[in-house]
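Dear colleague,

I am handing over the structure we discussed, and it is placed just below so that you can open it beside this message. My notes on what was found in it follow.

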Amino acid sequence: MTAGPGCGQHSRPPPWTWQHGGVTAATDPTLFPQAPQATNFPAAPADADAVLEGLDPEQREVATALHGPVCVLAGAGTGKTRAITHRIAYGVRAGILQPNTVLAVTFTNRAAGEMRGRLRQLGAGGVQARTFHSAALRQLQYFWPKAVGGEVPRLLDRKVQLVAEAGTRSGIRLDRTELRDVTSEIEWSKVTQTVPADYPAAVAKTTREAPRDPAEIAQIYRTYEDLKRDRGVIDFEDVLLLTVGVLQERPDIAEQVRAQYQHFVVDEYQDVSPLQQRLLELWLGDRDSLCVVGDASQTIYSFTGATPDHLLNFRTRHPGATVVKLVRDYRSSPQIVHLANGLLAQARGRAAEHRLELISQREAGPEPVHTEYGDEPAEAEGTARRIRDLIASGVPAGEIAVLFRINAQSEVYEQALADAGVPYQLRGAERFFERPEVREAGHKLRAAARFGGNDALLDDAMDLPSEVRAVLSEMGWGDRPPAGSGAVRDRWESLAALVRLAEDFARARSGATLADLVAELDERANAQHAPTVDGVTLASLHAAKGLEWDAVFLVGLTDGMLPITYAKTDEQLEEERRLLYVGITRARRHLSLSWSLSRSPGGRAHRSASRFLKGLRPGSGGAGHRSPGGSGGIERGIGGGGAAGPGGERNAVRRKRRGPIRCRVCGRVLNDGGEMKLMRCEDCPSDLDEGLYERLRDWREAQAAALGQPAFCVFTDKTLMAIAEAVPGTEQELASIPGVVRRKLGRFGADVLALCAGEELPGGELAADQAGGDEDATE
């Protein structure tokens, strides 16, 4: 069996498939029960109509559009899950849809669990709501004995270790970062149905930047696939590939699946990969009972192979489709929605052409606050203070989130919140039920459930929560969290989450026992449904997708972080803009956006606010610093922990005087540091005086040697290049070049101007001012 051309599989079945050379009997027939007849659903139309109550006109249109293809374009916070679950429930209760024939597909276990819960509440509990991988794995397990024989190969827990071995066997050494990136490249290749031999060509056709030589990655990919085959294991992506292969090669099995599942709903359709789209097409066959829901403006996973093209092309593939737009935003205040709309109004590209203009349905709230800090610790401390104030005003800690571009930014906020005595949880770092302390706690709770009657530790426990507290106290859990951050605090937070889960469970199920709680924990672990923590959420913007909070703090919003420095193409930059849009639309009422001018206290203030905020934040048109509490909710952080740092005020004046730096060739506003020093786009023609550039480099070497400093402390290569291109004739012209700050102008200006004029300098002559360090030396 193969997965068909282009599916990342070998043209011949690997040796561990077709184990018995024939077909074996299927196992566990309850996985695919026979669909009940329509007579089993006596719900009257009036009963079905009750499901429609409370829906707005557009949501009602979605709920009642039960025939033919349907495309729902749903903006953030517009109630898309409500619309599609009510659609399914309406169809079931009206007798139009049979529960076991409906498959609702989404992308996370959490979202699938939420959907199942809503459907049960609406009287449609028999409907299957699963992720693509979960649905495919069930089908693969069920049909493998019939299609191949034997049991499904073992699923690989962590592919990173096998990728590392593949690299070693290929003679290619990978550091930790490269290992992660190469693993991501293999995953991307498989979901885009790219075989190892085709990887270099596939990368060349895209804007994707390979972390290593594409030929090397292709070799590692090929060896990785060989290792998996030799050891009889499959990875996460293979689950989809093999299911596609079964359905493509066995029409009888495909027909059996189609007889079972006749109606499909796909949530987050903008995140579908080519492989998932192929699987969906095989499930559908020649039918059109399909409802897809998505928002092209929330496409933020293209690095995994996701593409909004399937959503944007839906009407082309299905000319008769019903298209419904949901734009009534029930999540965010008008002020937050206005900012989100303004951000997308500046977007470009195909996804931007299909953007949705949201209309807030909530009461007015405070204006979003924009805050500039001198350095990262000041930004973290200021954020922690504002969070503490919000909690004091009545906002629950669990309804507050701090969101950042990459996980590495979290540490300074963990420390600041711990110092402020604010509880927090880190989301997306490690799966909750895989943490060592959670595993240990599970073992102890299970043992207590079995033998608790003979355990003196539980003698004084009066109820389920007190039993859990008693068991976890042996692991060091106490009522008060430990001081500071780090591993000890993380361990305590995990155990505290289990205590709170026990309290919630006991309230929901009167008379629940410790054994009942253990069963609940097992079920949650299988679904990766972690308990909520009564603390501020720290998460990356990617991990925050699909979530919402009363108050959101978007931090670290500097150029180079958002957009991230390696986002170069227009397409990549637009995805970074969409990532900020996702962050903004997570907030219900309070929204704070902040950035810092330098990394550490006393550092040079060389950073600037994200270009995406230009024209959106008050004062971004060139106004200077303003005090906190001014009109428009501006908070610049001057004083009170938000000072601009040493020299910050002077730097602010200098930035204001210069204004935006434009390319002297094409006139485009420059944001990249290197381009700003050259005063031109990297791609624009250069008029470099190569002879002058070499004389400047020789002069710089002599200066650096005499001063006992690295060469870049005199001038960087980019600054020398900018000088050799501009060939300034006056001190004013030289001062206008970025990188030629006031002090360097005094120290080196005469020499540089002399070299530009073609004059010879006396041998070994140094600049007049040699004393001391230079706070601008690193530029």
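Strand S1, residues 70–74, is joined to S8 by 5 bridges, and the two strands run parallel. Within this part of the chain, Cys-71 is found opposite Val-323 of S8. Please keep in mind throughout that this is a predicted model.

The two strands belong to an open sheet of 6 strands, whose order is S3-S2-S6-S7-S1-S8 and whose pairing is parallel. Strand S3 (128–131) and strand S8 (322–326) stand at its edges, and because each has a single partner strand, one side of each is left without a neighbour in the sheet. On average, and with direction ignored, neighbouring strands of this sheet are turned by 15 degrees against each other.

Helix H12 lies across strand S2 (102–106), strand S6 (263–266) and strand S7 (290–294), and its direction is at about 160 degrees to that of S6.

On the aromatic side, the structure holds 9 aromatic pairs. One of them is formed by Phe-132 and Trp-283, which are stacked, with 6.0 Å from centre to centre and 5 degrees between the planes. This pair links distant parts of the chain, since Phe-132 sits in helix H5 (residues 132–147) and Trp-283 in helix H12 (residues 274–284), 151 residues apart. Are the two partners buried or exposed? Phe-132 has a relative accessible area of 1% and Trp-283 one of 0%; the limit for a buried residue is under 20%, so Phe-132 counts as buried, and so does Trp-283. Both residues also belong to one aromatic cluster, which is made up of Phe-107, Phe-132, Phe-264 and Trp-283.

Further along the chain, you may wish to look at helix H29 (residues 742–756), which bends by about 65 degrees at Phe-748. Of the 15 residues of H29, 11 are buried, so this helix is largely enclosed by the rest of the structure. Phe-748, where the bend lies, is one of these buried residues, which also include Lys-744, Arg-747 and Asp-751 as well as Leu-745, Val-752 and Leu-753. What do the buried residues of H29 pack against? Their partners are helix H26 (690–707), helix H27 (717–726) and helix H28 (731–735). Just after H29, Gly-758 takes a positive phi of about 85 degrees.

With best regards

Key: Residues numbered from 1 in each chain as written. Predicted model: local features only at pLDDT ≥ 70, side-chain atom pairs only at ≥ 80, totals over all residues. Heavy atoms only, no water. Bend = angle between axes of the 7 residues up to and from the residue. Helix = DSSP H or I, 4+ residues; strand = E, 2+ residues; numbered from the N terminus. Buried < 20%, exposed > 50% of the residue type's maximum accessible area, 1.4 Å probe, protein only. Contact = heavy atoms within 4.5 Å. Phe/Tyr/Trp six-rings, centres within 6.5 Å; stacked < 30°, edge-to-face > 60°. Pairing = 2+ DSSP bridges. Axes fitted to C-alpha atoms, helices over the stretch in contact; angles between N-to-C directions.
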